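Colleague: Could you take me through this model before I return to the bench?
Modeller: Certainly; here it is.
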Amino acid sequence: MIEIITMILSWVIVVLQLMINHSITKYRKQVSDLKQENAHIMGDLLILEMHVGKLLRKQQIGSEKKDKGNE
C-alpha cells in the first residue's frame, strides 16, 4: 500500500515539475519577445529624436534669419 502511494506521489511530482518547467519556458519566451520589442521601440524613438532635433535646428536657423532680416 505504501509503495503504491509513493509511486503515485512520485508521478504527481514529475507531472508538477513538467508543468513548472513548461511555465518557466513560456515565461522566458515572453520575456525574450518583450526585450526584442523594446529594442525595436527604442530604435524607433532614437530615429524620432534625431528627426525632431533636425526640425528644431531648421526652425531655429529660420527664426534667426527672420530676426536678422527684421533688423
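What follows is a conversation about the fold, the surface and the charges of this predicted model.

Colleague: How many helices and strands does the protein chain have?
Modeller: The secondary structure consists of one helix and zero strands. That helix, H1, covers residues 2–70.

Colleague: What does the C-alpha trace span along its principal axes?
Modeller: It spans about 105 × 15 × 5 Å. The radius of gyration of the protein chain is 30 Å, whereas a compact globule of 71 residues would have one near 11 Å.

Colleague: And what share of the residues counts as buried?
Modeller: Of the 71 residues, 1% count as buried. The accessible surface of the protein chain amounts to about 7100 Å², and 66% of that belongs to carbon and sulfur atoms.

Colleague: Which residues form a nonpolar patch on the surface?
Modeller: The patch is made up of Ile-4, Ile-8, Val-12, Val-15, Leu-16, Met-19, Ile-20 and Ile-24. Together they have about 700 Å² of accessible area.

Colleague: Take Ile-4 from that list. Where is Ile-4 found, and what is its relative accessibility?
Modeller: Ile-4 lies in helix H1. Its relative accessibility is 48%, so it counts as partly exposed, given that the class of exposed residues begins over 50%.

Colleague: Changing topic: how many salt bridges are there?
Modeller: The count is one salt bridge. Its partners are Asp-33 and Lys-29, and their closest N and O atoms are 3.2 Å apart.

Colleague: How far apart are Asp-33 and Lys-29 in the helix?
Modeller: They are four residues apart in helix H1, which means that about one helical turn separates them.

Colleague: Are those two buried or exposed?
Modeller: Lys-29 is exposed, with a relative accessible area of 51%. Asp-33 is partly exposed, at 36%.

Colleague: And the charges overall, how far apart are their mean positions?
Modeller: The protein chain has 10 positive and 8 negative charges, and the mean positions of the two sets are 5 Å apart.

Colleague: One last residue: where is the place of Asn-38?
Modeller: Asn-38 also belongs to helix H1, and it is partly exposed, with a relative accessible area of 44%.

Colleague: What separates the C-alpha atoms of Asn-38 and Lys-26?
Modeller: The separation is 18 Å, and the two residues are twelve residues apart along the chain.

Methods
Residues are numbered from 1 along each chain as its sequence is written. This is a predicted model: local features need pLDDT of at least 70, side-chain atom pairs count only at pLDDT 80 or more; totals for chains, interfaces and linings use all residues. Side-chain values use heavy atoms; hydrogens and water are left out. A salt bridge is a side-chain nitrogen of Lys or Arg within 4 Å of a carboxyl oxygen of Asp or Glu. Helices (H or I, at least four residues) and strands (E, at least two) are DSSP runs, numbered from the N terminus. Buried means under 20% relative accessible area, exposed over 50%, partly exposed in between (1.4 Å probe, protein chains only). Patches are made of residues with over 30% relative accessible area and no salt bridge: like charges are joined within 9 Å, nonpolar side chains (Val, Leu, Ile, Met, Phe, Trp, Tyr) within 5 Å. Accessible areas come from the Shrake-Rupley method with a 1.4 Å probe; for residues, only the protein chains shown count as cover. The radius of gyration is taken over C-alpha atoms; the globule rule is 2.2 Å times the number of residues to the power 0.38. Lys and Arg count as positive and Asp and Glu as negative; His and the chain ends are not counted. The place of a charge is taken as NZ of Lys, CZ of Arg, CG of Asp or CD of Glu.
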